[in-house]
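Notebook open, structure loaded. I'm jotting down what I looked up, one entry at a time.

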Amino acid sequence: MQMTETGFFEWQSRFQTEDDCLRYLQNLKWPNGFICPQCGHSHAHFIQTRHLYQCSSCQHQTSVRAGTLFHRSHLSLQKWFWAIYFTGSDKNSISAVRLSKLIEVNWRTARLMLKKLRQAMGHKDSLHMLKGVIEVDDTLVSGKRSGHHGRRAADKASILITCEGKENQADYIAMKAVTNIRHGTVSSVVKKQVFDHQKAQGDVLPTLDVINKTHDHEVRVPPSGKVNEWPLWAHIATGNLKAFLLGTFHGVSGKYLQEYLDEFCYRYNRRFFEQEIPDRLLNLAVIRTP
Ligand SMILES: [Zn+2]
């Protein structure tokens, strides 16, 4: 699908009315005209009062919103589309408080919208399996401060990072908030995110040895004086993550951490197409919902 770089005025002119949004949604969902999700029939009768399509063959009723991120939401599509624009276009992301003011909804609603959008980002990236040379690392973050290898700190949350390299730099990353860095956890995260038998490089943390069973784990000994910067790609990504969490959210509590990681990774993995993120996110909300 062709993605466009979208600025504020362009978005505004594309989606001026609720009908503009509806038409956009309809074209994405049924590019070749209506298709009944129940029987595949291509003709329907539109029930104006309820905004529903009734299949002419099996009488099944469906809406343009069904199966999209906006399903069962009472908010206008315009509010949703603007939420997507503001979320997608701000590289430091947006807080629920700010979004609630911009699109005039209450904080709880804005919070829920962001949650759904971030889940869609996480779902999309979870479909990408890492391959080639992979770095595996862990880090700790907390609400106020964050650090590496201080594993016993009580108020900190652990994150397992897997990172695919390309041309000597990080290409694609995945981050998972985990309750511990034990064998079972590491093994299950790596299995879900990395193809079997890839070359996995990690630091000397013994727990990472567990990936030997399914992957070719190579312990890399850091050059002297560089212990805290190793493995390199994962550490660069971790540094960016910590700036992202502190800058926008002033720290994050454990229960929301995975959502923020999903957004961070989604952006990081598309950092060379930053301008396309609002458009990509809109497509994600319509055709690739979890
Ligand atoms: Zn039908």
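**Phe244.** I started with phenylalanine 244, which I found in helix α7, residues 232–249. This is a predicted model, so I kept an eye on confidence as well. Phenylalanine 244 has a relative accessible area of 6%; the cut-off for buried is under 20%, so I put it down as buried. Next I looked at its distance to serine 93: the two C-alpha atoms are 8.2 Å apart, although the two positions lie 151 residues apart along the chain.

**Zinc site.** Which protein atoms are the donors of the zinc ion? I got the SG atoms of Cys36, Cys39, Cys55 and Cys58, lying 2.3 Å from the zinc. I noted their spacing along the chain as C-x2-C-x15-C-x2-C. One pair here links distant parts of the chain: cysteine 39 sits in the loop between α2 (18–29) and β1 (44–47), while cysteine 58 sits in the loop between β2 (52–55) and β3 (61–62), 19 residues apart.

Then the geometry. The 4 donor atoms subtend angles of 106 to 114° around the zinc ion. Four donors count as tetrahedral if all angles lie between 85 and 135 degrees, so I wrote down tetrahedral.

Are those two loop cysteines buried, partly exposed or exposed? Cysteine 39 comes out at 39% relative accessible area, so partly exposed. Cysteine 58, at 32%, is partly exposed too.

**Helix α9.** I turned to residues 277–287 and counted 9 of the 11 as buried, so helix α9 is largely enclosed by the rest of the structure. The buried set isn't purely aliphatic on my list: Asp279 and Asn283 are in it, along with Ile277, Pro278, Leu281, Leu282, Leu284, Ala285 and Val286. What do these buried residues pack against? I found α1 (8–14), α2, α3 (77–89), α5 (107–126) and α8 (254–269).

**Whole chain.** I tallied 9 helices and 8 strands. Of the 290 residues, 48% are buried. Among contacts with a separation of 6 or more, 59% are between residues 24 or more positions apart. The accessible surface is about 15,300 Å², and carbon and sulfur atoms own 51% of that.

**Confidence.** The chain's pLDDT averages 83, and 80% of the residues score at least 70. Where does pLDDT stay under 50? I flagged residues 145–152, for which the model has 21 contacts beyond four places in sequence.

Definitions and conventions
Residues are numbered from 1 along each chain as its sequence is written. This is a predicted model: local features need pLDDT of at least 70, side-chain atom pairs count only at pLDDT 80 or more; totals for chains, interfaces and linings use all residues. Side-chain values use heavy atoms; hydrogens and water are left out. Donors are N, O and S atoms within 2.8 Å of the metal (3.2 Å for Na, K and Ca); water is not among the atoms, so sites may look incomplete. Four donors count as tetrahedral if all angles lie between 85 and 135 degrees; four count as square planar and six as octahedral if opposite donors are over 155 degrees apart and all others between 65 and 115; anything else is irregular. Helices (H or I, at least four residues) and strands (E, at least two) are DSSP runs, numbered from the N terminus. Buried means under 20% relative accessible area, exposed over 50%, partly exposed in between (1.4 Å probe, protein chains only). pLDDT is the predictor's confidence in each residue, from 0 to 100. Contact means heavy atoms within 4.5 Å. Accessible areas come from the Shrake-Rupley method with a 1.4 Å probe; for residues, only the protein chains shown count as cover.
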